[in-house]
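Colleague: Please take me through one part of this model in detail, beginning with a pair of packed helices and then following the packing outwards to the aromatic side chains. I would like the geometry stated with some care.

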Amino acid sequence: MARFRRRTCIILLLFILFICSIMMALKTLRPDRAGFGDPFGLGLLPELQQRTVLLDSKQNSLNRVQGDTVTRVSNLHSIAVNTMKASMPPVNKLEEELSSPNYNFHIFYYIWYGNPQFDGKYIHWNHPLLPHWDPKIANNYPKGRHNPPEDIGANFYPELGSYSSKDPTVIEAHMKQMRSASTGVIVLSWYPPGMADENGEPTDDLVPVILDYAHKYNLKVTFHIEPYKDRDDRSMYHNVKYIIDKYGGHPAFYRQKTSTGKFLPMFYVYDSYVTIPEIWANLLTVSGSQSIRNTPYDALFIALLVEERHKHDIHRSGFDGMYTYFATNGFSYGSSHHNWAGLKAFCDSNNLMFIPSVGPGYIDTSIRPWNNHNTRNRVNGKYYETAFSAALLVRPEIISITSFNEWHEGTQIEKAVPKRTGQVVYLDYKPHKPNIYLELTQKWSEKYRKEQEQWLM
């Protein structure tokens, strides 16, 4: 019996040694990066991938500005994210996974933001609090201006922070967001060279960069001509000529196919109603003294409609269409959804384009603290979807979106994050993710595409 037990123990020991040798052999075949804590499954999280790429790109941008010290920090950063990079698909693969652009979805975009790193100071994030025109009401509200980066002139806070519109990593992130939302045409806020809004700095020098990045993502760019000083028929002719001569040859420059088969540039003209129809007619009618029609600089000019009477002025002026811009249902005649059917009928009968503007909500009390009555709650995305539904009912050729990043008025669909400071608690998109409005835009872009196919049948 003792001999049997000894033999059994020897056999069991040999068996254990055999198993251990097999396990050691298998371990040598296992990849090093499959150790404990490996980010397995990261490829299933494209949002995390994009954030990591953005962080790495932003670090490279900082290197160029801050020199060797930041370079050493970058090396440490690269080591920290090395395992994450190993799981990421190449950038071109990420681009392939983005939604296809819808060139009938136009989105208003602002490049007037600045910060000390790229601009030497904060621009627009430090927006002043605007006083009410009635001094008695104005006295009841605070005065002064915002103090970035914690205190900015917005009710929401950007995921990218108080960024500069000149930051290449920010521009690329914006293009990627707009493309992921299946928008196709960027309507770029534009002032002539050397000119800007009263709180900003000139931005025309940035246009070539915007065009280049837009082209990378197969987006197109058109221009939202702001009400610059002394805007009239003569200066408009000069500025349209300038834009087409300087930017018209770029592959990202937008042209719209007309009913005659021509491909013409398009210009949105903000606050067009402040100029009388007779002045516009000089530029926009064939018989006008400054006529741009049937010249190399002819284009589609889209006027802003605010009041109902503006539709007749727009027609008399020689504009090619109208848009409504404001994201506040009920604020103006043009922005009121229930008026869109009548406006579309008027445009159809007068050979004009009707471009309704939809938005996710509206709140500007960070810069107009007295304007709370015009706030439009986002209702977790329902307000935005209601606007899209109203727009599709009138079967427009183009839908415009107010806006990608007009943070002052709270109409942005750009990613926003929760933030609390000692002074303010910012609004956010909870219970949804920061990209919820990009996802909703993409959803309605696809729905619009499908419905347009049915309209054409």
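Modeller: For the helix pair, an axis is a line fitted to the C-alpha atoms over the stretch in contact, and the angle is taken between N-to-C directions, on a scale from 0 to 180 degrees. The model is predicted, with a mean pLDDT of 85 for the protein and 79% of its residues at 70 or more. Residues 24–91 call for caution, since their pLDDT is below 50, although this stretch has 55 contacts in the model beyond near neighbours in sequence.

The pair consists of helix α10, residues 233–247, and helix α11, residues 277–284, which pack with their axes 9 Å apart and at an angle of about 35°; the crossing is right-handed. On the α10 side the contact is made by D233, M236 and Y237, which meet I279, W280, N282 and L283 of α11. By residue type, this contact divides into 5 nonpolar, 1 polar and 1 charged. An α-helix has 3.6 residues a turn, so residues three or four places apart point the same way.

Helix α10 also takes part in the surroundings of α9, because the buried residues of α9 pack against β1, α8, β2 (183–190), β3 (220–225) and α10. Those buried residues of α9, which spans residues 207–216, are V207, I210, L211, Y213 and A214. Just after α9, N218 takes a positive phi of about 60°.

Strand β1, one of the elements that the buried residues of α9 pack against, leads on to the aromatic side chains. F105 and F388 form a stacked pair, 5.6 Å centre to centre with 15° between the planes, and F105 lies in β1 (residues 102–109) while F388 lies in helix α14 (residues 382–393), so the pair ties together parts that are 283 residues apart in sequence. Both F105 and F388 are buried. A second pair, F156 and Y429, has ring centres 5.7 Å apart and planes at 50°, so this pair is tilted. F156 sits in the loop between α7 (135–138) and α8 (168–180), and Y429 in the loop between β10 (399–401) and α15 (436–455), so that distant parts of the chain, 273 residues apart, are linked. F156 is buried at a relative accessible area of 5%, and Y429 is buried at 3%. These two pairs belong to one aromatic cluster, formed by F105, F156, Y384, F388, Y429, Y437, W444, Y448 and W455.

How values were computed
Residues are numbered from 1 along each chain as its sequence is written. This is a predicted model: local features need pLDDT of at least 70, side-chain atom pairs count only at pLDDT 80 or more; totals for chains, interfaces and linings use all residues. Side-chain values use heavy atoms; hydrogens and water are left out. pLDDT is the predictor's confidence in each residue, from 0 to 100. Contact means heavy atoms within 4.5 Å. Helices (H or I, at least four residues) and strands (E, at least two) are DSSP runs, numbered from the N terminus. A crossing is left-handed if the near helix is turned anticlockwise from the far one by less than a right angle, and right-handed if clockwise. Ala, Val, Leu, Ile, Met, Phe, Trp, Tyr, Cys and Pro count as nonpolar, Asp, Glu, Lys and Arg as charged, and the others, Gly among them, as polar. Rings of Phe, Tyr and Trp (its six-membered ring) pair if their centres lie within 6.5 Å; planes under 30 degrees apart count as stacked, over 60 as edge-to-face and the rest as tilted. Buried means under 20% relative accessible area, exposed over 50%, partly exposed in between (1.4 Å probe, protein chains only).
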